[in-house]
Amino acid sequence: MKTPIEVSARHVHLCQKDLEQLFGAGYELKKARQLSQPSDFACEETIDIQVGSKIFKNVRVVGPLRKETQVEISLTDAIGSGVVVPVKLSGDLNRTSPITLRGLKGVIELEQGLIIAKRHIHCATSEAADLGLKNGDVISVKIEGERGLVFDNVIVRVKDDYKLSMHIDTDEGNAAGINKIGEGKIL
């Protein structure tokens with residue numbers, strides 16, 4: 001079975017409290033474009049983030065708002081920052097790294113929330129049933145072509161409103177020769 005593959009660049013998921021501290025009381029995110037997962041969208045808003053000694057400007061905010069703020073970067077982003085950033089599933093913020101956020105109206109120093117996102121595949125409940133997959137399964141996905149490789153340790157995430165798509169970070173995309181969108185074979 002083939003799966004679309006999408007490369008995620010560094011981005012930020014904000015909670016309501018942090019959104020208002022960065023952009024002002026009562027502020028609401030402005031949708032710039034829909035992303036592949038039906039609930040997710042790229043926002044017009046960007047912020048600057050500081051990872052140890054490194055500053056990244058104009059990092060895209062992704063909606064909708066979450067329960068906790070989370071920042072996703074690549075290993076390449078983390079190298080040379082002086083911060084050890086764990087590889088974690090999105091939403092698992094236990095024992096994650098500190099991060100500083102700078103918005104139009106404020107600065108926030110978070111004690112945790114910085115991760116390198118673990119590669120994963122989103123799958124609707126019906127798609128998972130067709131593929132014989134369950135939430136939390138660990139699979140492999142083969143990429144063909146000149147820079148072909150196999151991604152092992154891909155976590156399956158199943159939810160009714162998901163749409164089949166594997167998500168990798170920019171380091172992984174570069175290794176496989178995938179620029180934004182590609183395709184792989186579920187093994």
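N153 is found in strand β12 of this predicted model. Its phi is near 60 degrees, a positive value in a residue other than glycine. Most residues other than glycine have a negative phi, and most peptide bonds are trans. N153 is exposed because its relative accessible area of 51% is over the 50% cut-off.

The strand that holds N153 is a good place to begin a tour, as β12 spans residues 149–158 and pairs with strands on two occasions described here. With β11, residues 138–143, β12 shares five bridges, and the two run antiparallel. One pair across this ladder is I139 and V154, the latter in β12. The hairpin of β11 and β12 has five residues between the strands, and there G145 takes a positive phi near 115 degrees. With β10, residues 120–123, β12 is joined by four bridges, and here the strands run parallel. In this pairing I121 stands opposite V156 of β12.

These strands belong to a wider arrangement. Six strands close into a barrel, and following them round gives the order β1-β13-β10-β12-β11-β14, with mixed pairing. From one strand to the next, the twist averages 40 degrees. Another parallel pairing in this barrel order links β1, residues 2–8, to β13, residues 165–169, through four bridges. Within it, E6 has H167 of β13 as its bridge partner.

Away from the barrel strands, two further backbone features can be picked out. The peptide bond from G63 to P64 is cis, with omega near 5 degrees. P64 lies in the loop between β5 and β6. In the loop between β7 (87–88) and β8 (97–102) sits R95, which has a positive phi of about 55 degrees although it is not a glycine. R95 counts as exposed because its relative accessible area is 80%, and the cut-off for exposed is over 50%.

The loop that holds P64 also contains T69, placed between β5 (54–63) and β6 (70–73). How buried or exposed is T69? T69 has a relative accessible area of 5%, so it is buried, given that the cut-off is under 20%. Its side chain makes a polar contact with the side chain of D18 at 2.6 Å. In addition, a polar atom of the T69 side chain lies 3.0 Å from the backbone nitrogen of C15. Leaving aside residues up to four places away in sequence, T69 touches H13, L14, C15, D18, L93, L101, L110 and G113. The surroundings of T69 thus include C15 and D18, the two residues that its side chain meets through polar atoms.

Stepping back to the whole chain, there are four helices and 14 strands. The C-alpha atoms fill a box of roughly 45 × 35 × 30 Å along the principal axes. For 187 residues, a compact globule would have a radius of gyration near 16 Å, and the chain has 17 Å, so the two agree. Buried residues make up 48% of the chain. Among contacts with a separation of 6 or more, 65% come from residues 24 or more positions apart. The accessible surface comes to about 9,800 Å², and carbon and sulfur atoms account for 48% of that area.

Key. Residues numbered from 1 in each chain as written. Predicted model: local features only at pLDDT ≥ 70, side-chain atom pairs only at ≥ 80, totals over all residues. Heavy atoms only, no water. Buried < 20%, exposed > 50% of the residue type's maximum accessible area, 1.4 Å probe, protein only. Polar contact = N/O pair within 3.5 Å; in protein donor to acceptor, adjacent residues only side chain to side chain. Contact = heavy atoms within 4.5 Å. Pairing = 2+ DSSP bridges. Axes fitted to C-alpha atoms, helices over the stretch in contact; angles between N-to-C directions. Rg over C-alpha atoms; globule rule 2.2 N^0.38 Å. Areas by Shrake-Rupley, 256 points an atom, 1.4 Å probe, with all protein chains shown as cover.
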